[in-house]
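Here are a few short exercises to work through with the model open beside you. Try each task before you read its solution.

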Amino acid sequence: MIKLDQFLKLVGIASTGGQAKLMILDGGVKVNDTVEIRRGRKLVSGDQVTVEGQTFEVGEVIQ
C-alpha cells in the first residue's frame, strides 16, 4: 500500500508533498476514474491513478 500523495511523488508528477497536496485538493487527480481529494487515500495494486492525461497503474510502479 502507498498513499496517494506519496505515489504522485514516486512517479515524478509532483516534486514535493505540497505540490501533490495542491494537485489533489484542486481535483486534478482521479483514482479508478473518480476524482479523489483525499491525499492520504491508500492505493493498492490494481488501482489506476490519472493525472494530467497520464494514467499509472499502482501495481506496475510499486512491487
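**Exercise 1.** Decide whether Glu36 is buried or exposed in this predicted model.

*Solution.* Start with the relative accessible area of Glu36, which is 6%. The cut-off for buried is under 20%. Glu36 is therefore buried.

**Exercise 2.** Find which residues form salt bridges with Glu36, and how they are joined.

*Solution.* Recall first that side chains of opposite charge can pair when their charged atoms come close. Step one: look at Arg38, where the closest N and O atoms of the pair with Glu36 are 2.7 Å apart. The cut-off is within 4 Å, so this pair counts as a salt bridge. Step two: turn to Arg41, whose side chain meets that of Glu36 in a salt bridge at 2.9 Å, N to O. Step three: put the partners together, and Glu36, Arg38 and Arg41 form one network through shared partners. The model's count comes to two salt bridges.

**Exercise 3.** Work out where Asn32 lies and what is notable about its phi.

*Solution.* Asn32 sits in the loop between strand 2 (29–31) and strand 3 (34–35). Next, check the backbone: most residues other than glycine have a negative phi. Asn32 is not a glycine, yet its phi is positive, about 55 degrees. Its relative accessible area of 35% makes Asn32 partly exposed.

**Exercise 4.** Do the same for Glu52: which loop holds this residue, and is Glu52 buried or exposed?

*Solution.* Glu52 is found in the loop between strand 5 (48–51) and strand 6 (54–57). Its phi is positive, near 50 degrees, in a residue other than glycine. With 63% relative accessibility, Glu52 counts as exposed, the cut-off being over 50%.

Key
Residues numbered from 1 in each chain as written. Predicted model: local features only at pLDDT ≥ 70, side-chain atom pairs only at ≥ 80, totals over all residues. Heavy atoms only, no water. Buried < 20%, exposed > 50% of the residue type's maximum accessible area, 1.4 Å probe, protein only. Helix = DSSP H or I, 4+ residues; strand = E, 2+ residues; numbered from the N terminus.
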